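Me: Take me through this model. For each label you use, I want the reason behind it.

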Number of protein chains: 2
Amino acid sequence: MTDLDIAEVAHRAGVPASTLRFYEEKGLIAPTGRRGLRRQYDPGVLERLALIALGRTAGFSLDEIARMFAPDGQPRIDRRMLSARAEELDRTIRELGVLRDSLRHAAACPAPSHLECDTFRRLLDAAASGGVTAPGRRPPERR
Amino acid sequence: MTDLDIAEVAHRAGVPASTLRFYEEKGLIAPTGRRGLRRQYDPGVLERLALIALGRTAGFSLDEIARMFAPDGQPRIDRRMLSARAEELDRTIRELGVLRDSLRHAAACPAPSHLECDTFRRLLDAAASGGVTAPGRRPPERR
DNA sequence: TCTTGACCTCAAGTCGACTTGAAGTAGAAC
DNA sequence: GTTCTACTTCAAGTCGACTTGAGGTCAAGA
């Protein structure tokens, strides 16, 4: 009986209790039982929540993450899915890198207007032709 | 009179006409006039749309982007804002890099279950303690 | 002149991930 | 035994960026 109260889980995982209820509704987590009305959780739920957070950061939707858990609760992560996401991330990273460098340049550029700066214009052309746009899945928002 | 019809702009910019109307409502673009009911645009709108797309990719909201245009239509981009966003992007990039490497490892890892893999567990711990999570602003979704 | 079809307006809907609010309940402290 | 308070349920609201639908208009081609 080392179960954790929902408040404890919320605190340790750094998410509001409402999120835990929401995740339960989505089938992502489940309490071991109740004490009165209050949900009690196995400490393992913390690992699971970490896994969920990780998946979200990697760009998976909650539904996709839900599908990654086998009925027995064990994660059954498709290795091909991981590779594919890693490749997508890699593309995103490269695009964001170009963007970061361009922003830095624009910030330092002495041209009176950005539109008169060649580097900025080149970036703009790239964006217009789809070279920089299309960053793929988004990571979740910071809390 | 080299103005472009809304359909032409939509086609060249690669966005639906509804988006152009929406941007107009938001104060991001404006037609030079109408031909009948149809909006006509100065070709410069394409550059402006590219700038908007670029801003979105960099993680700015439409409202923020709107504020970047001076009343005269010239972009008045705050250099400090650009630097700040570049730094944020840089952090995001580094985080995503860690994540990508971890995903690759997990995809290749021979451990029977990911939970038994040390690398994966370390990643999980990092995620749980907020080291990997919190990627900041999200770039826009791919079309 | 008539038809066609692409545009027009305005309100409402969508999507994902949660949050908020109202009304209820039960364990624990007094 | 009563009160307090943190939980409970369920429905509805929020946010950003658009999209969709209904009903209307007008320039251009036949």
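The exchange below covers the DNA contacts, then a sheet, a helix and one chain as a whole.

Me: First, what kind of model is this?

Reply: It is a predicted model.

Me: What makes a residue count as near DNA strand C?

Reply: One of its heavy atoms must lie within 4 Å of the strand. There are 19 residues around DNA strand C. Thr19(A), Tyr23(A), Ala7(B), Arg21(B) and Arg39(B) come nearest. Of the strand's own atoms within 4 Å of the protein, 87% belong to sugar and phosphate.

Me: How do you know that Arg34(B) makes a polar contact with a phosphate oxygen of DNA strand C?

Reply: The cut-off for an N or O pair is 3.5 Å. A side-chain N or O atom of Arg34(B) is 2.9 Å from a phosphate oxygen of DNA strand C. That pair qualifies. Arg56(A) also qualifies, with a polar side-chain atom 3.2 Å from a phosphate oxygen. For Leu62(A), a polar backbone atom is 3.3 Å from a phosphate oxygen, again within the cut-off.

Me: Which elements give two or more residues to the surface near DNA strand C?

Reply: They are helix 2 (17-25) of chain A, and helix 1 (6-13) and strand 3 (38-41) of chain B. Helix 2 of chain A gives the largest share, four residues. By class, this surface has eight nonpolar, four polar and seven charged residues.

Me: Why are strand 1 and strand 2 of chain B called edge strands?

Reply: The sheet in chain B is open, with three strands in the order 1-3-2 and antiparallel pairing. Strand 1 (4-5) and strand 2 (33-35) each have a single partner strand, so one side of each has no neighbour in the sheet.

Me: How do you know that strand 1 and strand 3 of chain B pair?

Reply: Pairing takes at least two bridges. Two bridges join these antiparallel strands, and that meets the requirement. Asp5(B) has Gln40(B) in strand 3 as its bridge partner.

Me: Why does the end-to-end distance of helix 5 of chain B agree with its length?

Reply: Helix 5 (residues 79-108) has 30 residues, which at 1.5 Å a residue should span 44 Å. The end C-alpha atoms are 43 Å apart, so the two agree. At the start of this helix, a side-chain oxygen of Asp78(B) comes within 2.8 Å of the backbone nitrogen of Arg80(B).

Me: What makes up chain A?

Reply: Chain A has six helices and three strands. Its pattern along the sequence is β-α-α-β-β-α-α-α-α. Of its 143 residues, 45% are buried, with under 20% relative accessible area as the test.

How values were computed:
Residues are numbered from 1 along each chain as its sequence is written. Chains are lettered from A and ligands numbered from 1 in the order in which they are written. This is a predicted model: local features need pLDDT of at least 70, side-chain atom pairs count only at pLDDT 80 or more; totals for chains, interfaces and linings use all residues. Side-chain values use heavy atoms; hydrogens and water are left out. A polar contact is a pair of N or O atoms within 3.5 Å; within protein, one must be able to donate a hydrogen and the other to accept it, and residues adjacent in sequence count only if both atoms are side-chain atoms. Ala, Val, Leu, Ile, Met, Phe, Trp, Tyr, Cys and Pro count as nonpolar, Asp, Glu, Lys and Arg as charged, and the others, Gly among them, as polar. The expected span of a helix is 1.5 Å times one less than its number of residues. Buried means under 20% relative accessible area, exposed over 50%, partly exposed in between (1.4 Å probe, protein chains only).
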